[in-house]
Structure formats: structure tokens, C-alpha cells
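Here are a few exercises to work through with the model open beside you. Try each task before reading its solution.

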Amino acid sequence: MSEPPRPESARPSRRHTWERLNPLLRLLILTQLAFNLGFYAVLPFLAEHLGTAIGMAGWMVGFVLGLRTFSQQGLFVVGGALADRYGVRPVVLAGCVLRIAGFAWLGYAEADWSVIGSVLLIGFAAALFSPAVESEVARQAVVWEDAGGGSRTSVLALFTVAGQAGAFVGPLIGALLLAVDYRVVCLAGAGVFVLVLAGHFWLLPQHIPGRERVEVKGGLGGLLSNRRFLALCCTYGAYLLAYNQLYLLLPDEVERATGSQSALAWLFGLSSLLVVTAQLPVTRWAAERLDLRRSMTAGLLLIAAGFGVVAVIRPASWTGNVGLLPAAGFVVLLTLGQMLVAPAARAWVPDLAASGRLGLYTGAMSSVSGLIVLVGSAGTGSLMDTGLPAAVPWLVLAAIPVASIVLLPRR
């Protein structure tokens with residue numbers, strides 16, 4: 001679906017976006033920062049803790065990590081539906097309580113069943129509060145745009161920056177606390193969510209004006225028949241599948257070039273730094289020139305170009321520092337594409353969602369795209385094991401974002 005050109009008053013101002021947001025939007029954006037700060041202080045070190053300190057077998061470590069992802073991403077649609085029915089405040093508060101309990105439990109868990117229980121609790125907590133917060137940010141961004149504050153994508157870009165900043169700082173804090181004990185890391189993560197819980201208990205309104213409450217049942221049928229929304233989900237899933245290659249194809253390429261994966265930390269840091277410093281300027285540029293469909297198209301083409309860079313240079317078998325150049329090019333182009341795709345996709349959902357069902361639709365986009373990533377990653381792994389030329393998986397992953405462009409809704 002194309003959009004008409006935005007009037008001059010709707011274009012992003014050069015003034016700092018943050019200063020013009022209402023208190024609720026500021027609270028929700030800071031919430032995303034705090035969520036990721038607490039989460040990424042704990043989870044990056046979980047696999048090492050399970051394998052070394054607890055002595056779990058490798059397959060069990062992978063199973064536990066997969067359960068966490070499933071209990072979170074797969075149940076986003078549930079959290080979104082509950083937010084539509086009961087409002088943002090109770091769902092966010094319940095999620096924070098469960099996250100606090102999950103992190104505290106994980107710090108003391110030693111038996112397999114105990115670890116699994118704590119990890120499931122941690123994942124389900126996010127399935128509650130994340131779609132509630134994301135859907136309300138999207139709704140408020142539309143209100144802000146309609147009031148002449150600027151493009152809704154500027155608000156959603158700021159939301160992305162806050163999350164990325166938390167994801168960048170969280171592991172640094174976790175690494176410092178890990179020198180004491182992993183239990184201390186877990187309790188510190190729980191402490192962050194105690195502060196979030198207290199802040200939202202006092203500051204988050206009981207009822208947010210303009211937000212309708214609907215029955216939990218009755219929305220799924222309309223969602224499944226909403227072809228334009230499902231098409232957007234599939235395209236967003238193609239983007240997430242490409243982004244997930246930071247954890248599958250990229251480590252393989254870095255190890256091939258350098259003999260180890262130590263350079264991955266620098267490449268991840270490069271990605272985070274780009275988002276934190278360039279997301280808002282890129283979003284302002286796109287809002288002045290592109291509608292949502294063109295913004296996603298441009299982002300997907302950049303992502304495809306990133307895979308193409310590695311595919312073209314891979315047969316040369318560069319090694320050492322020079323061998324990292326294609327990987328660095330991939331990270332830069334993928335991140336630039338992400339800056340265009342992610343805010344535009346989130347901004348598009350309110351236009352496609354049924355009335356009063358924004359939480360359900362926001363959660364469903366994460367759940368559907370997560371399923372696409374699960375299936376697509378398995379396919380990518382199979383390609384890596386077939387003995388085909390090393391450039392083939394990169395070429396296939398370059399083709400998927402391009403092909404997904406045709407699915408984007410039109411007017």
C-alpha cells in the first residue's frame with residue numbers, strides 16, 4: 001500500500017525528536033532501553049554458564065536456548081491479545097513480575113528441570129510485556145504523526161535506538177558482574193526489572209486515552225484473512241531471516257577468514273554503533289523522501305547487496321584482516337537495511353490492523369516472522385552442509401529479500 005506524499009508539517013523537524021514527545025512515549029522508549037539492558041546483561045552468558053558451571057551437555061544447552069526463544073517469540077501473539085483486552089499497564093506489570101522471578105530463579109537453578117522452568121518463565125515474561133509496549137508505541141506514534149509532530153517512523157526509530165543501546169551496554173555490565181558470579185549477574189538483571197516495575201506502577205496510566213479494550217477471542221479469524229498484513233509479515237520474516245545470519249553465516253565466514261571468531265565482537269559492536277549513531281538521521285532522510293513501501297524496498301535491496309558482496313568475493317578466499325572486509329561490508333549494508341526496514345514495518349502495522357487489535361497484530365508479526373526464521377535458518381544450515389560452493393548460501397540469502405519485495409502490500 002503506497003502512501004501519499006507527507007505534508008510539510010508531517011516531516012521530521014531538525015530539532016531533537018525526544019524533546020517533542022509526550023511523557024507516555026518517553027516512558028515507553030526508556031522502557032525498551034531498560035528491558036534490553038537487563039536482558040542482555042544476563043542472556044549472552046547463559047550458554048557458557050550452562051555448559052561450564054552446571055555441566056549440561058551441548059545438545060541440552062541448545063535445547064534450553066531454543067525453548068527460551070520459543071516461549072518468547074512464539075507467544076508474542078498471546079501477549080498482544082492480552083494487551084488489547086486488559087490494557088498495557090497490567091500486562092507490562094505482570095511481565096515484569098515474571099521476568100524478576102525468572103532471573104532470580106535462574107541464578108539459583110542447578111538441576112535441568114529448574115533451569116528449563118526459569119528460562120521458560122523468562123521467555124514468557126517478554127511475550128507479555130514486549131508486544132504490549134511495542135503496540136502502544138506504534139499507536140502513539142500514529143497519534144503523534146496525525147497531530148503534526150512528524151513522521152511516525154521517527155518515533156519508532158528512536159524506539160529502535162533505545163533498544164540497541166540497551167543491547168550494547170547490557171553485555172558490558174554483565175561481563176563486569178560475571179567476574180563475581182553468574183548468580184550476581186542474574187540478580188542484577190532482576191534488579192533492573194524491579195526498577196522498571198516500580199516506575200511503571202507509578203507512571204503508567206491505568207487507562208490510556210484512545211485505546212479500546214476488546215474481547216480476547218474473535219480477532220484471530222480476521223487476522224488470518226488479512227492478506228495484506230500476512231504479506232507484510234512474510235516480508236518482515238525475510239528481513240529477520242537475513243538479520244539472523246549475523247549468528248549463522250557470519251560466524252562461519254569470520255572463522256574461515258581468521259581462524260577464530262574473536263572478530264565477531266568487533267563486528268557486532270560496529271552494527272550497534274551504526275544503529276545508535278545513524279538510525280535517526282537515516283529515518284529522517286527516508287521520511288522526507290520515501291513512503292513506507294519504498295523505505296522497506298530500499299532496505300531489503302541494501303540487505304541483499306550485503307549478501308552479494310560476500311558471495312562475489314568469497315571465491316577469492318581472502319584471509320587475515322583483508323579477509324574480514326567482505327564480512328564488514330555485509331554487516332554495514334545489513335545494518336543500513338535494518339534501519340530502513342524495521343521502523344517502516346512497525347509503522348505500517350497500525351494501518352493494516354483491525355480496530356482495537358493492534359496488540360494482537362503486533363504480536364502476530366513477531367510470531368509469524370519468528371516461524372519463518374526458524375524454518376529458514378534450518379534451510380540455511382542444510383545449505384552449508386551440502387558441499388556446494390561456499391558462495392551459494394550467500395547468493396540464496398541475497399535472493400530472498402529481493403523476492404520478498406513483491407509481497408509488500410500495495411494500495
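**Exercise 1. A serine in a helix**

Is serine 118 buried or exposed?

*Solution.* Keep in mind that this is a predicted model. Start with the relative accessible area of serine 118, which is 0%. Buried means under 20%, so serine 118 is buried. Next, place the residue: serine 118 belongs to helix H6. Finally, look at its surroundings: setting aside residues up to four places away in sequence, serine 118 touches Gly102, Trp105, Leu106 and Ala109.

**Exercise 2. The span of H6**

Work out what end-to-end distance helix H6 should have, and compare it with the model.

*Solution.* Helix H6 covers residues 112–146, which makes 35 residues. The expected span is 1.5 Å times one less than the number of residues, so H6 should span 51 Å. The C-alpha atoms at its ends are 51 Å apart, in agreement with that value. Then ask how the helix sits in the fold: 27 of its 35 residues are buried, so H6 is largely enclosed by the rest of the structure. After the helix comes glycine 148, with a positive phi near 85 degrees.

**Exercise 3. The nonpolar cores**

Find which residues touch the most other members of the largest nonpolar core.

*Solution.* This core has 107 residues, and those touching the most other members are Phe229, Tyr239, Leu250, Phe307 and Phe330. The element that gives the most to this core is H6, with 13 residues. Apart from this core lies another, of 8 residues, including Val275, Val282, Ala286 and Leu340. Now zoom in on tyrosine 239: leaving aside neighbours within four places in sequence, this residue is in contact with Leu300, Ile303, Gln338, Val341 and Ala342.

**Exercise 4. Ring geometry**

Classify the pair formed by phenylalanine 103 and phenylalanine 193, and say which helices the pair ties together.

*Solution.* A search of the whole structure gives 12 aromatic pairs. As a warm-up, take phenylalanine 39 and tyrosine 40: with 5.0 Å centre to centre and 85 degrees between the planes, they are edge-to-face. Phenylalanine 39 is buried at 11% relative accessible area, whereas tyrosine 40 is partly exposed at 30%.

Now the pair in the task. The ring centres of phenylalanine 103 and phenylalanine 193 are 5.9 Å apart and the planes are at 70 degrees, so this pair is edge-to-face. Phenylalanine 103 lies in helix H5 (residues 88–108) and phenylalanine 193 in helix H8 (residues 182–203), so the pair ties together parts 90 residues apart in sequence. Phenylalanine 103 is buried, at 0% relative accessible area, and phenylalanine 193 is buried at 0% too. To finish, follow the ring pairs outward: they link Phe35, Phe103, Phe129 and Phe193 into a cluster.

**Exercise 5. Arginines over rings**

Which ring face does arginine 85 lie over, and which does arginine 89 lie over?

*Solution.* Arginine 85 lies over the face of tyrosine 86, 5.1 Å from the ring centre. Arginine 89 lies over the face of phenylalanine 201, at 5.1 Å from the ring centre.

**Exercise 6. A positive phi**

Explain what stands out about the phi of serine 317.

*Solution.* Begin with the general rule: most residues other than glycine have a negative phi. Serine 317 is not a glycine, yet its phi is positive, about 55 degrees. Then locate the residue: serine 317 is in the loop between helix H13 (292–313) and helix H14 (320–323). Last, check its exposure: at 40% relative accessibility, serine 317 counts as partly exposed.

Technical notes:
Residues are numbered from 1 along each chain as its sequence is written. This is a predicted model: local features need pLDDT of at least 70, side-chain atom pairs count only at pLDDT 80 or more; totals for chains, interfaces and linings use all residues. Side-chain values use heavy atoms; hydrogens and water are left out. Helices (H or I, at least four residues) and strands (E, at least two) are DSSP runs, numbered from the N terminus. Buried means under 20% relative accessible area, exposed over 50%, partly exposed in between (1.4 Å probe, protein chains only). Contact means heavy atoms within 4.5 Å. A nonpolar core is a set of buried Ala, Val, Leu, Ile, Met, Phe, Trp, Tyr and Cys residues joined through side-chain atoms within 4.5 Å. Rings of Phe, Tyr and Trp (its six-membered ring) pair if their centres lie within 6.5 Å; planes under 30 degrees apart count as stacked, over 60 as edge-to-face and the rest as tilted. A charge sits over a ring if NZ of Lys or CZ of Arg is within 6 Å of the ring centre and within 35 degrees of the ring normal.
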